[in-house]
Amino acid sequence: KEKELRQQQLDAEQQARLERQKIISIAVGAGLILALALAFVLLKRNEEKRRSNRLLEQQNREILNQKEEIEAQHEITTRQRDKIAGQQKVITDSIRYAGRIQTVMLPDRQALSRVFADNFILYKPKAFVSGDFYWISEQEDYSLFSAADCTGHGVPGAFMSLLGISSLNELVARNQLTDPAAILNLMRDTIVETLHQTGSAHDPLDGIDMALCAYHRKSRMLSFSGAYNSILIARRADSPKPFENANLITEHDGVKLWELKGQKMPIGFHPLMERPFVTHTTLVLPDDKIYLMSDGFGDQTGGAKGNKLLQQNLKKYIAEIQQFPLSIQNERLEKLLHTWMGHNKQVDDILVMGIVLP
């Protein structure tokens, strides 16, 4: 029995050893599998990391290249911008200087005071130079004056205005003319010849709209002829209308505002240019106020909806401020323009002349 018990004990111990070895083998095998799996994962992650690093390095190189390209492009752009700014300054300075030359060619305050008993000139170029101009001249007993609007504005308009001023000065001085229609007829011929206008499709369509007046100081007779542009006369409501063909614009506070329109053809080539301009004459009364203007004020956009002010509204406003002297009228018109424009840009050259004749 002792031997059997002993053998059973040995068998049990042997079985236990085998079980422990089996467990150890399984544990070692599992550990190896886990170690291999972990090593595979680490290797995979390491490979991905190296691949990411290579991609990142490539992206960094591309970014660096792009940065260098951007910096080079920025340098080129900066040089071009500085060059353009320099060219723009030269152009702007030239236009400013041209504006000073144009201003010198316009009548000064002394000349205006010598010709008119009272006056205001609301003159606002859209740029530094203007396609609008005003002009005065004295010939013996006559005072001639004009307000004109040339095709375009800025530099092209300024060239046309200089051509118009020089043509007026030369024609009037050389021919001693005092008839507005005769002056406009000759001036039209001069402009057509100077610009080589023949009526072909390739000809420049440049021209001048103008209101031209001649005032005989002794008789107080005023002659007018217009190329598109009109003359306005404000006079007492109980006085006769100034011209036979004048139209009543409005009546306000005992004053009527009359308009005599210019003929519908410019100083320049026109299909109707064979028709001569016509002179209209009227007697100037002591309280008369005369207005000549371009279309720039009426064409100015503004208000709540950005619409044009319109010439008709401007004329009605002029009638409403007749109780004021011309200097105050000028201020009121300036204020109207400023209020109407608001934040809108000026769209055209602006010229309004208010005149009281001696």
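Student: Why is the crossing of α6 and α7 called right-handed?

Tutor: The crossing of α6 and α7 is right-handed because that word is used when the near helix is turned clockwise from the far one by less than a right angle. The model is predicted, with local features needing pLDDT of at least 70 and side-chain atom pairs pLDDT 80 or more, while totals for chains, interfaces and linings use all residues. Residues are numbered from 1 along each chain, and side-chain values use heavy atoms, without hydrogens and water.

Student: What describes the packing of α6 and α7, and which residues make the contact?

Tutor: The angle is about 145° and the axes are 11 Å apart, where axes are lines fitted to C-alpha atoms over the stretch in contact and angles run from 0 to 180 degrees between N-to-C directions. On the α6 side the contact (heavy atoms within 4.5 Å) is made by Leu314, Tyr317 and Ile318, and on the α7 side by Arg332, Leu333 and Leu336. Five of these residues are nonpolar, none is polar and one is charged, with Asp, Glu, Lys and Arg counting as charged.

Student: What else does α6 lie across?

Tutor: Helix α6 lies across β6, β7, β8 and β10, and runs at about 45° to β7. These strands belong to an open sheet of six, in the order β1-β13-β10-β6-β8-β7, with antiparallel pairing.

Student: Why are β7 and β8 said to pair, and what makes β7 an edge strand?

Tutor: Five bridges join β7 to β8, and pairing requires at least two DSSP bridges between two strands, so β7 and β8 count as a pair. One of these bridges links Thr250 with Leu257 of β8. Strand β7, like β1, pairs on one side only, and the twist of this sheet averages 15° from one strand to the next.

Student: Why is one side of β2 and of β9 left without a neighbour?

Tutor: Both strands stand at the edges of the open antiparallel sheet β2-β3-β4-β5-β9, and each has a single partner strand, so one side of each has no neighbour in the sheet. Within this sheet, β4 and β5 pair over seven bridges, among them the one between Leu212 and Ser225 of β5. Helix α3 packs on the sheet, touching β2, β3 and β4, and makes about 10° with the direction of β2.

Student: What makes up the lining of the largest pocket?

Tutor: The lining divides into five nonpolar, five polar and seven charged residues. The pocket, an open set of points on a 1 Å grid where a 1.4 Å probe fits, with protein on both sides within 12 Å along at least five of seven lines, has a volume of about 340 Å³. Of its 17 lining residues (an atom within 4 Å of a point), the closest to the centre are Tyr228, Asn229, Ser230, Glu259 and Lys315. Two or more lining residues come from each of β10 and α6, and β10 gives the most, with three.

Conventions
Points joined across faces, edges and corners; volume = space filled by probe spheres on them. Helix = DSSP H or I, 4+ residues; strand = E, 2+ residues; numbered from the N terminus.
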